[in-house]
Amino acid sequence: MNRRPMRNPHAGVPFTAADMSDAAIATALEDVSVPTLLLSCLHITGDATLLDGPLKPQGLFLNEVQGFMSEEDKAKARAYALDVIRSWRDRGCPEPDPIGPDLLKRMMDWLVCESVPDEYVQMLLEEMELDGGDARALAPVADPAAAAALPVVIIGCGMSGLLAAIRLKDAGFPFVVIEKNADVGGTWLENTYPGARVDVGNHFYCYSFEPSDHWTEFFARQPELQAYFRRVMEKHGVEPHVRWKTEVVGATWDETTATWSVALDTGERLTARAVISAVGQLNRPYVPNVPGRFDGPAFHTARWDHAADLTGKRVVMIGAGATGFQVAPAIADRVGHLTILQRSAQWMFPNPNYHAAVGPGVRWALRHLPFYGRWYRFLLFWPGCDKGLVVAKVDPEWEPQHQSISAANDFARLMFTEWITSQIQDRPDLIDAVVPDYPATGKRTLQDNGSWLATLKRPNVELVRAGVARLEPDGVVDANGVKHAADVVVWATGFRVNDILLPMAIVGRDGVDLRARWGIRPRAYLGMTVPGFPNFFMLYGPGTNLASGGSLVFHSECEVRYVTQCLQLLAERGAAASGPSAMAPRQDRDDEWYARCQAELAQTVWASPHIAHSFYKNAAGEVHGLSPWRLVDFWSWTRTVDPADYVWDVAGSRS
Ligand code: NAP
């Protein structure tokens with residue numbers, strides 16, 4: 001049989017009876033996702049009759065990883081799995097034989113209780129990497145000298161900048177990463193506020209090509225996320241390529257040499273053949289410009305002042321979106337009094353695992369059971385993949401639009417409302433304040449385990465449904481004119497999301513400044529490239545933020561693959577033409593893309609005129625940061641660069 005020399009990295013780390021007795025295995029299996037466990041057993045046995053048997057998941061819901069199986073069925077399944085795993089262990093944990101595509105498709109359907117459409121299968125197989133490969137990594141450029149002639153500057157060493165660095169290193173391009181902070185992680189370095197954690201399941205919110213058996217919580221807290229990015233950076237040898245505590249202030253395109261001159265805050269200038277911006281959208285804190293002055297400590301959540309002791313203090317938190325929702329439960333028990341000024345209520349849905357620890361059994365299964373982690377990733381991915389888009393799409397016939405925008409959206413509204421109101425049966429006075437008055441999913445929908453409303457019910461916490469009017473030396477006056485005494489003010493008011501690339505001056509052909517050209521309407525072809533700005537690429541650029549589910553790590557992996565392919569083409573064409581090459585998207589392609597995006601976005605709940613305030617909208621009420629597309633569309637459009645989408649030049653060839 002033609003087997004790879006190395007064991008498939010997802011085939012499970014072998015163990016012996018001395019490592020793991022029968023009793024220890026049985027204990028571990030009490031923790032795990034039983035449907036996922038059964039698929040791991042199928043890999044071990046190769047016995048597909050399992051899929052036709054009575055032990056199977058009964059339904060699908062995001063983060064419900066037991067498939068609604070009965071306790072009795074789960075117990076039977078664990079007993080079966082114990083036999084299978086014991087026998088496999090005693091045979092030395094051999095690498096299971098590969099499974100063919102037809103059976104893999106049946107396994108997918110079985111796990112999520114529905115037929116996964118064909119168009120998704122390839123994408124999901126790529127995401128799962130069951131063959132042990134890394135389909136999104138590109139091979140080194142065939143001509144190393146051509147790659148070496150293409151130095152790249154990456155701006156930012158957060159999740160996507162680090163990813164770009166890993167891929168460029170593997171492909172053989174020289175690069176430097178310029179990072180304004182002193183360490184890796186971007187948003188996961190800067191946001192150290194109490195309670196900061198990810199709200200996308202971590203076993204999916206991580207790079208597809210890295211192991212995920214280490215997370216201690218299903219939704220890890222900030223320090224663990226930052227440590228993850230540091231570990232990955234060290235493993236891939238990226239750090240020697242990073243310049244910390246250095247900021248890019250701008251970059252200017254030179255047509256004659258087909259290079260970017262990248263200006264740093266040190267006064268230096270770097271010359272690069274290509275620039276990749278990986279600064280993201282949640283990079284610059286937003287603090288509303290309100291009149292007055294507060295004399296005590298005041299800080300934005302992304303600049304948390306850990307020296308400010310909140311114990312026993314009167315804290316006024318202004319704003320409560322995704323961030324404030326995490327801060328309040330984390331500080332309520334130590335402050336004297338917490339006043340939350342919240343302008344809009346938030347939609348939320350149940351996730352009992354939101355603060356839960358990953359049990360030792362799950363971590364053992366992720367590490368040792370064949371392909372358990374891969375199927376677990378799929379089980380988290382699938383319900384969060386594209387289904388949210390159905391709920392976000394406006395049905396123009398549906399009435400009343402101020403309440404919901406379609407039948408599916410109304411169903412979500414009812415379900416979320418039921419979840420919210422069920423928690424405050426004892427506090428009917430809160431209902432009007434906490435049930436949103438705009439369509440569900442219109443703003444970021446929050447994962448909830450009950451901690452937010454439990455916090456609001458505390459005697460030392462007051463929710464004020466109003467914005468902020470002004471500051472006074474000893475307090476905050478809300479939009480209703482009521483003053484709230486404060487010792488400390490926390491701004492949980494979000495980020496300047498619509499000011500993409502702020503404050504950098506990116507100057508392209510003919511001296512055009514990109515942010516000036518955009519105004520309030522940032523746009524980029526496929527969210528990555530801009531006409532007139534050759535060899536300039538954006539990760540997490542305009543039109544790529546996800547409001548309907550999925551994971552930005554997935555989007556970044558698609559984007560970085562695309563950008564690396566562009567660099568490969570630039571290297572090849574430059575070598576062929578014996579001169580530095582340049583690529584920028586064709587204006588007509590960009591126009592068509594932008595029109596299509598805007599038409600689509602206008603038909604989503606995020607553009608609803610019934611949502612008074614939202615960072616998804618610009619000053620004109622239009623949406624530019626979000627993607628209206630299915631993940632599978634973005635994946636297929638970015639899988640292979642079509643050179644015909646671009647205008648290609650060689651330095652000096654333009655008049
Ligand atoms: P946000 O969602 O923009 O929330 C900002 C809050 O400040 C909202 O309550 C907003 O009210 C309020 N606000 C803004 N301007 C105001 C003003 N002038 N007066 C009074 N209130 C004002 O920002 P965020 O909470 O920092 O979240 C931003 C994004 O970061 C999220 O959507 C998410 O993508 C990401 N995030 C993720 C996580 C996670 O993964 N766990 C956690 C935190 C953040 P309105 O709602 O009325 O505008």
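**Figure 1. Five strands of the predicted model form an open parallel sheet.** The strand order is 3-2-1-7-19. Strand 3 (242-243) stands at one edge and strand 19 (536-538) at the other. Each of these edge strands has a single partner strand, so one side of each is left without a neighbour in the sheet. Strand 7 sits between strand 1 and strand 19 in this order.

**Figure 2. Strand 7 pairs with strand 1 and with strand 19.** Strand 7 covers residues 274-277. Strand 1 (residues 152-155) runs parallel to strand 7, and four bridges join the two. On this side, Ile155 has Ser277 of strand 7 as its bridge partner. Strand 7 and strand 19 also pair in the parallel sense, here over three bridges. Val275 stands opposite Phe536 of strand 19. Ile276 stands opposite Phe537 of strand 19.

**Figure 3. Both faces of strand 7 are covered.** In a regular strand the side chains alternate between the two faces of the sheet. Ala274 and Ile276 lie on one side of strand 7. Val275 and Ser277 lie on the other. All four residues are buried. Two of them recur from the pairing view: Val275 is opposite Phe536, and Ser277 is the bridge partner of Ile155.

**Figure 4. Strand 17 is covered on both faces.** This strand holds residues 488-491. Val488 and Val490 are on one side, Val489 and Trp491 on the other, and all are buried. Strand 8 (residues 298-300) runs parallel to strand 17 and is joined to it by three bridges. Here His300 has Trp491 as its bridge partner. Strand 9 (residues 314-318) also runs parallel to strand 17, joined by four bridges. Met317 of the chain stands opposite Val490 in strand 17.

**Figure 5. Ser556 is a buried residue of helix 18.** The helix spans residues 552-577. The relative accessible area of Ser556 is 3%, under the 20% limit, so Ser556 counts as buried. Leaving out residues up to four places away in sequence, Ser556 touches Met159, Ser160 and Leu163.

**Figure 6. Leu366 is a buried residue of helix 11.** Helix 11 covers residues 360-368. Leu366 has a relative accessible area of 12%, and because this is under 20%, the residue is classed as buried. Beyond its neighbours within four places in sequence, Leu366 is in contact with His203, Ser212 and Asp213. Its contacts also include Tyr372, Gly373 and Tyr376. Gly12 is 354 residues away from Leu366 along the chain, yet their C-alpha atoms are separated by 7.8 Å.

**Figure 7. Arg221 is a partly exposed loop residue.** The loop runs between helix 8 (187-190) and helix 9 (222-235). The relative accessibility of Arg221 is 43%, between the limits of 20% and 50%, so Arg221 counts as partly exposed. Apart from neighbours within four places in sequence, Arg221 is in contact with Ala196 and Arg197. Asp199 is 22 residues from Arg221 in sequence. The C-alpha atoms of Arg221 and Asp199 are 9.5 Å apart.

**Figure 8. The whole chain gives the setting for the close-ups.** The protein chain has 20 helices and 21 strands. Its radius of gyration is 26 Å, close to the 26 Å that the globule rule gives for 655 residues, so the chain is as compact as a globular protein of that length. Along the principal axes, the C-alpha atoms fill a box of roughly 75 × 65 × 55 Å. Buried residues make up 59% of the 655 residues. Among contacts between residues at least 6 apart in sequence, 74% join residues at least 24 apart. The accessible surface comes to about 25000 Å², and carbon and sulfur atoms account for 54% of this surface. The chain carries 62 positive and 77 negative charges, and the mean positions of the two sets are 3 Å apart.

Terms used: Residues numbered from 1 in each chain as written. Predicted model: local features only at pLDDT ≥ 70, side-chain atom pairs only at ≥ 80, totals over all residues. Heavy atoms only, no water. Rg over C-alpha atoms; globule rule 2.2 N^0.38 Å. Buried < 20%, exposed > 50% of the residue type's maximum accessible area, 1.4 Å probe, protein only. Contact = heavy atoms within 4.5 Å. Areas by Shrake-Rupley, 256 points an atom, 1.4 Å probe, with all protein chains shown as cover. Lys, Arg positive; Asp, Glu negative; His and termini not counted. Charge placed at Lys NZ, Arg CZ, Asp CG, Glu CD. Pairing = 2+ DSSP bridges.
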